[in-house]
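Me: I have a structure open and want to know why its features get the labels they do. Can we go through them one by one?
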Amino acid sequence: MNRTLLITGASRGIGAATARAAAARGWDVAVNYTHAAEAAETVAAEVRALGRRARVLQADVADEAQVVAMFQALDREWGALGGLVNNAGVVDVAARLDEMSGARIQRMFAINVFGTMWCAREAVRRMSTRHGGQGGVIVNLSSVAARLGAPGQYLDYAAAKGAIDSFTLGLAREVAHEGVRVNAVRPGIIETDIHASGGQPERARQMAPAVPMQRAGTADEVAQAIVWLLSDAASYTTGTVIDVTGGR
Ligand code: NAP
């Protein structure tokens, strides 16, 4: 299988940790980001330091045209694509549904759901044997919120991640006989900047007592599950969602 991997939202957090872990396992990595160009370049440099090729690609996954252009840029430079990690995702500040604006809910689904579906569509068009591809693997980032619902916090986010679980199952079965595996990882509370972006920078530490393991997870602990799903060791695994939640 081709060893080129696109990771969306790889300038920091779980995406950046996945870029490093994948490079260590022999993947060339395309690092997508929206705003943090310098951080994305740093991740690319870390990939190159591990002896693999790296490419930085700016694109807002919520914008279908930008997603299509990003895949076309990869076609021109690297040819075939072997893997996609649909990692880009956002939360918003804690709120009840009756306090949420339509714009907030639309953005939540545009980035977390539509972005994932557009990237997966472009990947299938390149990986599937139905389209002359050589196969490939897709990993989507869900969240434990899909199981818990996140009432009073961000049920828009939880609902979007619930959509990712359904999408993962459906796409996996749709392309299973075309050489493409599709799985998801469902992280629990992980120490990244996503909590600060939702107005709760201390959330990972505060939530630790609610986790059976009594601690938040690290981005690398999630990355390890992702790179296993990307690997040939997971060759008979598709349509699966792996919880990385410390037991929560
Ligand atoms: P993070 O630290 O906030 O990083 C998010 C990344 O996504 C950044 O690289 C950001 O790049 C990028 N991004 C945001 N909007 C984007 C867009 N429209 N297009 C392309 N890239 C975009 O997040 P994280 O904690 O690593 O989370 C990664 C994934 O895991 C997300 O899907 C999240 O929902 C999921 N997850 C996280 C946790 C957790 O506790 N951390 C738990 C469950 C699930 P720029 O800075 O350049 O915009």
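Me: What makes Ile190 a polar contact of the ligand?

Reply: A polar backbone atom of Ile190 is 2.9 Å from an oxygen atom of the ligand. A polar contact is a pair of N or O atoms within 3.5 Å; within protein, one must be able to donate a hydrogen and the other to accept it, and residues adjacent in sequence count only if both atoms are side-chain atoms. The protein buries 95% of the 900 Å² that the ligand exposes when taken alone. Those areas come from the Shrake-Rupley method with a 1.4 Å probe; for residues, only the protein chains shown count as cover.

Me: What kind of model is this, and which atoms count?

Reply: The model is predicted: local features need pLDDT of at least 70, side-chain atom pairs need pLDDT 80 or more, and totals for chains, interfaces and linings use all residues. Residues are numbered from 1 along each chain as its sequence is written, and side-chain values use heavy atoms, with hydrogens and water left out.

Me: Which side chain has an N or O atom 2.6 Å from an oxygen atom of the ligand?

Reply: Tyr157 has one. A polar side-chain atom of Ser11 also lies 2.6 Å from a ligand oxygen atom.

Me: How many aromatic pairs are there?

Reply: Two. Rings of Phe, Tyr and Trp (its six-membered ring) pair if their centres lie within 6.5 Å; planes under 30 degrees apart are stacked, over 60 edge-to-face, the rest tilted.

Me: Why is the pair of Phe114 and Trp118 called tilted?

Reply: The ring centres are 5.9 Å apart and the planes stand at 50°, so Phe114 and Trp118 form a tilted pair.

Me: Why is the pair of Tyr154 and Tyr157 called edge-to-face?

Reply: Here the centres are 5.2 Å apart and the planes are at 75°, so the label is edge-to-face.

Me: Why does Phe114 count as partly exposed?

Reply: Its relative accessibility is 39%. Buried means under 20% relative accessible area, exposed over 50%, partly exposed in between (1.4 Å probe, protein chains only). So Phe114 is partly exposed.

Me: Is Ala150 buried or exposed, and how do you know?

Reply: Ala150 has a relative accessible area of 12%, so it is buried. Ala150 also has a positive phi of about 55°, although it is not a glycine.

Me: What about Gln214: buried or exposed?

Reply: Gln214 has a relative accessible area of 52%, so it is exposed. Its phi is positive too, about 65°, and Gln214 is not a glycine.
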